[in-house]
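Reader: Got a minute to go through this model with me? I'd like to start with the aromatic residues.

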Amino acid sequence: MEVNFFIRPRVTIKTQYGEMVLVNFHLDTPTPSFFTWEDLKPKRTLAIFYAENRTFMDLSKGVRQESARTAMVFPCPLDCLAGELEGFLSAEKSAKACFYCGKLGSEDHKLWKCIRCRHVFYCGKNCQS
């Protein structure tokens, strides 16, 4: 991961497929919400939600990141992060609890699975909204 500041912060990252991608940050705030510029180091994971490819004025291609709320840096490589997520999902399947209030499901207290994401559970309509 290479970070430089020309006019705006720019990062060259390596994707999970080995491609090198330029990310230009065009943020409305000088500092991102979920990380600092010093967090962008090798062996870290930069997650960009809703990333779109762009062609810039210098005809280079990459991602233009405009929102500080949709980019995060995790202090571990992607394979480590994926392993943590797998562990979380398997633990979630064994211990079902309401996503809103945290009450555990039992024979006396039935939980309903969210029909949109199919990963979280709710006690009922009061906890879902």
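Reader: How many aromatic pairs does a search of the whole structure find?

Author: Four aromatic pairs come up in the search of the whole structure. Keep in mind that this is a predicted model. One of the pairs is F25 with W37, which is edge-to-face, at 5.1 Å centre to centre and 75 degrees between the planes.

Reader: Where do F25 and W37 sit in the chain?

Author: F25 is in strand β3, while W37 is in the loop between β3 and β4 (45–48). They are 12 residues apart, and the pair links distant parts of the chain.

Reader: And are F25 and W37 buried or exposed?

Author: F25 is buried, and W37 is buried too.

Reader: What about F35 and W37, how do those two rings meet?

Author: F35 and W37 also form an edge-to-face pair, with 5.7 Å centre to centre and 85 degrees between the planes. F35 is buried, as is W37. Put together, F25, F35 and W37 make one aromatic cluster.

Reader: OK, on to the packing. Which residues have the most contacts inside the largest nonpolar core?

Author: F25, F35 and L40 do, in a core of 14 residues.

Reader: Which elements give two or more residues to this core?

Author: Those are β2 (9–14), β3 (20–25) and β7 (71–74). Of the elements, β3 gives the most, with three residues.

Reader: And what does F35 touch, leaving out residues up to four places away in sequence?

Author: F35 touches F25, L40, A71, M72 and V73 on that count. Apart from this core lies another one, of eight residues, including C98, V120, Y122 and C123.

Reader: You mention cysteines. How many disulfides does the search find?

Author: Zero, across the whole structure. C76, for one, is in no disulfide, and the nearest cysteine sulfur, that of C80, is 4.1 Å away. The cut-off for a disulfide is 2.5 Å between the sulfur atoms, so at 4.1 Å the sulfurs of C76 and C80 don't qualify.

Reader: Which cysteine sulfur is nearest to that of C98?

Author: That of C101, at 3.6 Å, and C98 is in no disulfide either.

Reader: Are C76 and C98 buried or exposed?

Author: C76 counts as buried because its relative accessible area is 14%, and the cut-off for buried is under 20%. C98 is buried as well, at 4% relative accessibility.

Reader: Switching topic: where is N24, and is it buried or exposed?

Author: N24 is in strand β3. N24 is buried, with a relative accessible area of 8%.

Reader: What does N24 touch, again not counting residues up to four places away?

Author: N24 touches P9, R10, F56, V63, R64 and Q65. Of the elements already mentioned, β2 spans 9–14, so P9 and R10 fall within the range of that strand.

Reader: Back to rings for a second. What sits over the ring of W112?

Author: The charged end of K110 does, 4.6 Å from the centre of the W112 ring.

Reader: Last one, S106. Where is it found?

Author: S106 is in the loop between α1 (78–94) and β8 (112–113). With a relative accessibility of 44%, S106 counts as partly exposed.

Reader: How far is S106 from K96, in sequence and in space?

Author: S106 and K96 are 10 residues apart in sequence, and in space they are 8.8 Å apart, C-alpha to C-alpha.

Key: Residues numbered from 1 in each chain as written. Predicted model: local features only at pLDDT ≥ 70, side-chain atom pairs only at ≥ 80, totals over all residues. Heavy atoms only, no water. Core = buried A, V, L, I, M, F, W, Y, C linked by side-chain atoms within 4.5 Å. Buried < 20%, exposed > 50% of the residue type's maximum accessible area, 1.4 Å probe, protein only. Helix = DSSP H or I, 4+ residues; strand = E, 2+ residues; numbered from the N terminus. Contact = heavy atoms within 4.5 Å. Phe/Tyr/Trp six-rings, centres within 6.5 Å; stacked < 30°, edge-to-face > 60°. Lys NZ or Arg CZ within 6 Å of the ring centre and 35° of its normal.
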